Every structure is written in structure tokens, then in C-alpha cells.
Amino acid sequence: MYWLSFKKKQEPLVTGLILPGGGARNAYQAGVLKAIGDMLPEDAENPFPVICGVSSGALNAVLLASSATRFREGVDRLYGIWANFHVGKVFKTDTMTAIKSGLRWGLTFASAGLIKRQPRSILDNSPLRGLLERHIRFARIQQAIDSGALRAVAVTASGYSSGMSVTFFQGIKGLVPWKRTRRKGQQEELTLDHLMASSAIPVLFPAVKLRNEYYGDGSMRATAPLSPALHLGANRLLVIGVRNPRIDRAPEEGEDIPTPSFGQISGYIFDTLFMDSLDADIERMRRINHTITETRDKQIDYKDTSLHQVDYLVISPSRDVREIVERYVGNFPRSVRMLLKGIGALAREGRPLMSYLMFDAPYCKELMELGYQDALAAREQILHLLGYDELIDEQP
């Protein structure tokens, strides 16, 4: 957990919620949010006027935004969805689908490109589309904006043709789109396709066409994942990460280590995809804040931009999620276990990959409980960030 606080500014409090991607690990976010809902008064308004999500974090973000007029109810709904998850609600797991997928990919490689119609993805995530259709009412997002309960909600996806990281946002009038190197903000009404695009993990899930371009997982080019919330008016941030900050042990000199399996390499790629840019952006913001504190007027003017201090709190798992998932590997459907075993993902070295794909209720519940307890441990910092200092001394 990282915590940085400065003197309270004169400007209105606008808290941005940052929900990065992480596959099944995003159940942890639901636990943190459940604890926050329980900390606040029952009639408390939505404490996050700006909500930004990427990949599976975008699913959490939009569900919360659609329930912004009833924050605690929305959190309970989000918690209930994760508590009843199973792999079959995210992608098809029947044996025939697995066999067909394996054959299509095998033939594609064996034909050396002669087969024109290549497979779109390894897994069929149409069940996820059906799940989101049942649980998210997109019309309620605009209702929340019109009522004043929500300032903006944003999801990020990566364009395969343009190479741009595009943050699609829906919010109040007056918000200004932005454009930076290989990333931009674009205002439009959010739909189910935006969510499916943001969570389309490359190779595993099919790309989604939005207007004239195909998009994939928003984590791929999210070089500045904190930026959208700041562009949308947030002046302090709560970031709910899904990776334990502990650094892995490096092998000892002369230690015998196996050659990395495809499963281990895939898990490493997922870690890089979902986590590294967030850690880098947090470090960058920490340095900027430190630099600003050294200036006389606590502000830096750079070209047409004025940099200010940003209060922020990062909550991340206090335990290693990769160790938790090991107990639940047997819960995968047999067809999925066969596929994962073939790439070495069921071995100890494949735990990182498994931790992203284990959409299974017992595993998700343990992550949610971990998130709940981690949030309670940070209760004082959370309440201060949200402007509820008067509740800090009250008995939890």
C-alpha cells in the first residue's frame, strides 16, 4: 500500500477511482469496494465522481458507474457477481469447443498461412457478453451523470491499426478530449462493445470492432493509466491494484532452474501487460509530487499545462495472489485443464497465468475477503482521502 497526502486544497474534492486490469484477480477490487461501502454511512453519495477502468477493471468500473445513484447497492451487486463466478460465465469450456479451437490453431500453423480464414482467438468469450448484458444497464450511466452522482466514467482499449491507446469516456458537458503520444481521450456514449474491446486479452479473446478499427485489451498501450482520471477532473486518486508489491527472489548463483514453459512465459507477459505500466505511472506521479513540494508556490507551469500535487492512495494485495490460486487449480473444467497442462500452466511456474484465468467462485471469494481486510487495515487513510475525517475516530 502506498499513501501520499498533502494539505487540503481549496478546490472541490473530486476523487477518481482507478481500476486496472487483472483478469480473475479483479475480484480483489470488489472486496476493497465492499469494505469502503461498509465504512461509509448508509445514505452516503457515490464517493467516486470519476471512475476509470481497463480490461476486467473496466467491467467493474462501468457496473459501478451504472449504479452511481445507489453506491452501496452497486457495490453489493458487484460483490455478488464475483461471488458466483465460474469459468463458464467468461468463456466456453465444453470439450467440443476446446477440441475445435485446438484443431483450428493446429491447422493454421501447419498450413503455413495457406488457410485464409484464421481463428480469431483461442477462447470463445461470448458467455461474458451475455453476463454483462444481464447485469449492466448502460442507460443508467447517463442518468447518474444527469443527477450529479457521477462526473465521468472511462474505459480504455488499444487500437490494432492505429497503435493508439484510446480512453472512451462518458461524462458531464464541458469535458475536453485530449491527445498525447500514442494515447487519447474520446468522448462518446459507452456500450457493451466498449467493455468487450477493453477486456479482449490478446490471442485469448477476439478483438472487437468499434467504428472503423479493431480494438483489444486496454492494458496493452496504457502507458499512463492514471492520466484519464486527471483529465476528467479528479484531483485525488484511489488506485486498487491486483499485484502484491513484493519483489520476487532472484535465483542464486549456480542454482538449477528449469527452462521457462509457455505457461510461465505467458504469465510473465500478463504481469507485464496488466501491472508494470501502473507501477511506473505511480512512481512517476510520486516523483512529480516530490518535485512540486520543493517549489515555492507548490505548482509548476509547463507549456500549456499546470502541474499540481495529487493526493493518492494505492491499495494492493497484502498476500501473493499466485500462492492463493494454487489451491484452486483442480476447480478448472477438465477441458480447460487439458489445454493449460499442455502449455505448462498447471506447474508451479505457471501460477501467474492461472491467477488471471481462475474465474472460480471459491478463488474469487478468497480474493474478495483479502481485499476487504486490506481495505479495513487502510480505513483511516481511505476515509481521509474521501473526505470523511469525522468518521475516523468512530468504532468500525
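**Exercise 1. Find which residues of α2 are buried, then decide how enclosed the helix is.**

*Solution.* Start with the list: the buried residues of α2 are Ser56, Gly57, Ala58, Leu59, Asn60, Ala61, Val62, Leu63, Leu64, Ala65 and Ser66. Bear in mind that you are working with a predicted model. Next, turn the list into a count: 11 of the 11 residues of α2 are buried, so the rest of the structure largely encloses this helix. Finally, look for a neighbour. Helix α5, residues 126-135, has Leu128, Gly130, Leu131 and Leu132 buried. The buried residues of α5 pack against α2 (56-66) and also against α7 (192-198).

**Exercise 2. Work out how strand β3 is covered, and which strands pair with β3.**

*Solution.* Take the coverage to begin with. β3 spans residues 50-54, and five of its five residues are buried, which leaves the strand mostly covered. Now split the strand by face: Val50, Cys52 and Val54 lie on one side, with Ile51 and Gly53 on the other, and all are buried. Both faces of β3 are therefore covered, as buried here stands for under 20% relative accessible area.

Then move to the pairing. Strand β2 (residues 15-19) runs parallel to β3, and the two pair over four bridges. Within this pairing, Leu17 has Ile51 of β3 as its bridge partner. To get from β2 to β3 the chain goes through helix α1 (residues 27-39), and this β-α-β crossover is right-handed. Another partner is strand β4 (residues 152-159), which pairs with β3 in the parallel sense over five bridges. In that pairing, Cys52 stands opposite Ala154 of β4.

**Exercise 3. Describe how α1 and α3 pack: what are the angle and the axis distance, and which residues make the contact?**

*Solution.* A pair of packed helices is described by the angle between the axes and the distance between them. For α1 and α3 (residues 71-83), the angle is about 150 degrees and the axes are 9 Å apart. Angles over 145 degrees count as roughly antiparallel, so α1 is roughly antiparallel to α3. The handedness comes next: α1 passes α3 in a left-handed crossing. To finish, select the contact residues. On the α1 side they are Ala27, Ala30, Gly31, Leu33, Lys34, Ile36, Gly37 and Asp38. On the α3 side they are Phe71, Arg72, Val75, Asp76, Leu78, Tyr79 and Trp82.

**Exercise 4. Place Thr293 and Gly174 in the fold and classify the exposure of each.**

*Solution.* Thr293 belongs to helix α9, residues 262-293. Its relative accessibility is 22%, so Thr293 counts as partly exposed. For a partner elsewhere in the chain, pick Gln309: the residues are 16 apart along the chain, and their C-alpha atoms are separated by 7.8 Å.

Now repeat the steps for Gly174, which sits in the loop between β5 (165-171) and β6 (178-180). With a relative accessible area of 67%, Gly174 is exposed. The C-alpha atoms of Gly174 and Leu232 are 9.9 Å apart, while the residues are 58 apart along the chain.

**Exercise 5. Summarise the whole chain: how many helices and strands are there, and what percentage of the residues count as buried?**

*Solution.* Count the elements: the chain has 14 helices and 13 strands. Then take burial: 53% of its 396 residues count as buried. One last step concerns the contacts between residues at least 6 apart in sequence, of which 75% join residues at least 24 apart.

How values were computed: Residues are numbered from 1 along each chain as its sequence is written. This is a predicted model: local features need pLDDT of at least 70, side-chain atom pairs count only at pLDDT 80 or more; totals for chains, interfaces and linings use all residues. Side-chain values use heavy atoms; hydrogens and water are left out. Buried means under 20% relative accessible area, exposed over 50%, partly exposed in between (1.4 Å probe, protein chains only). Contact means heavy atoms within 4.5 Å. Two strands pair if DSSP finds at least two bridges between them. A crossover is right-handed if, with the strands pointing away from the viewer, the path from the first strand over the helix to the second runs clockwise. Axes are lines fitted to C-alpha atoms, for helices over the stretch in contact, and angles run from 0 to 180 degrees between N-to-C directions. Angles under 35 degrees count as roughly parallel, over 145 as roughly antiparallel, 65 to 115 as roughly perpendicular and the rest as oblique. A crossing is left-handed if the near helix is turned anticlockwise from the far one by less than a right angle, and right-handed if clockwise.
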